[in-house]
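Reader: I'm new to this one. Could you take me through a close look at how its helices pack?

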Amino acid sequence: MKTEKGVNLQATFVILACLTFFLTGMTIYFFSDVAKCYKVLQESTQKYYQAEFYISEFLDATDYLSEQSKFYIVNQDKENLDNYLYELTKKVRRQISVAKLNEITNGDEISSEESPAYEYLMEALFLTDELVDLEIHAMKLVAIANNINLEELVEDLQLYELPQNELTLSKSQKISKARDLIYGEQYQQIRSTAMENQQMAKKLINEFTKDKQNQSFKKLSVAITVLEVFISILVATVFLLILMNQFLLLKPLEKFIDCLKRDYPLPKVKSQEMGYLARTYNRINEIRKENTMFLKEKAERDALTKLFNRQVFQQNATGLANTKTELLLLLLDIDSFKSINDTYGHDTGDKVIIKVANLIRDYLGGDNDTYRIGGDEFVIFIRNKDASYYDIIKKNVEKINSILFEASNGIPESSISVGVAYSSNGYSKELYNNADQALYFTKEHGKCGISFFEENLEEL
């Protein structure tokens, strides 16, 4: 194992403790009492910090189940359902947390069945079981609505029986019923009560820990009183401990907190333990940022063309609605794309889509305002340009079509049709419809070209 560089806090504190024992050797009886108090304090603190951790694990597991069930109800993505069932039947963090809490607190007053903390924990577990029942109920409704093969699911979900009247509901009604179960007042009330019980259990355990610490500190005070003769030497020792605490622990912690607020990497410090903490956090934080960027990219980008998807288009369109922004909207698709798929296959069709996407990105919309909203459908925003910019757009469309006419690298020839509409007041549904009408006009008049929406478009 690699040796950490810097001051080893644990080893340093042990040395100082041994020095303290040596200096107070004449009062060994009282120091044995001090050692006993310290051991009780250490064990109880460690035990109840562990208890606090498992309570947090219990809460995290409950939140994770709730989150995955809601994701599944809203997005109907089977991955969320699989995540939920894996947590519920494989990881079983809620049950493990309760079992660990019973193990950790075994023998203490707080583990007694008459203890309020124990009662709160059991009530929280009972209530989260009710939440699980509602979640399974809702998810099975959605699974049936989406015709998922129930034999692929875990036994708990297979055996869960739904009321006969819910089985006869339509798909949309089943999904609506599932959402009512998860987002309804009953669910929220049970969840709120479960969280309150969990927090009360946590509060009682913390209070019990503090009481244990106070008792130990009182005994330490008595022993220190007897050792007044050694007070001057002990003050020097304590002063040294304070300096270590200040410069090797508190100061690094202050730096860490400041860096956490600013989302900066944690700096190097002199103590081994804090240095290990900083390096570990920095590694985890780097991974977190990479994962966040990856998930954001995956959620916003079309997997085939890497253009923004329909969801981002709708978000940006909403942001541009009813603004004073001059806006040109280009709506385009690939001519006779179904024929390309039927003739050359879908793999070749995908290559055509990618080629078109790259060309319109390069010649028309750039990367930030180009969207793939359907199979071979694309939308482009051109901001702060008026109708006079149409001629430039037309030339670029002609350039794109001239490139598409040339088959290359196994990609057959193709072309695009474009409809353009202008608005001086940002985005609106009418603007989209106008562009769509212009596109239709292009399609009806030979394809492979571009039309600009005007009031008398059909008469031209």
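Author: Start with helix 3 and helix 5, which cross in a left-handed way (the near helix is turned anticlockwise from the far one by less than a right angle). This is a predicted model, where local features need pLDDT of at least 70 and side-chain atom pairs count only at pLDDT 80 or more, while totals for chains, interfaces and linings use all residues. Residues are numbered from 1 along each chain as its sequence is written, and side-chain values use heavy atoms, leaving out hydrogens and water.

Helix 3 covers residues 78–91 and helix 5 residues 116–145; helices here are DSSP runs of H or I with at least four residues, strands are E runs of at least two, and both are numbered from the N terminus. Their axes (lines fitted to C-alpha atoms over the stretch in contact) come within 12 Å and cross at roughly 150 degrees, on a scale from 0 to 180 degrees between N-to-C directions. On the helix 3 side, L81, Y84 and L88 make contact (heavy atoms within 4.5 Å) with V132, E135, I136 and M139 of helix 5. Six of these residues are nonpolar, none is polar and one is charged.

Now hop along to helix 14, residues 346–365. Its buried residues (under 20% relative accessible area, 1.4 Å probe, protein chains only) include V352, I353, V356, L359, I360 and L364, and also K355 and R361. What do the buried residues of helix 14 pack against? Their partners are strands 1, 2, 3 and 4, plus helix 13 (337–344) and helix 15 (390–404). Right after helix 14 comes G366, with a positive phi near 70 degrees.

How values were computed. Nonpolar A, V, L, I, M, F, W, Y, C, P; charged D, E, K, R; others polar. Buried < 20%, exposed > 50% of the residue type's maximum accessible area, 1.4 Å probe, protein only.
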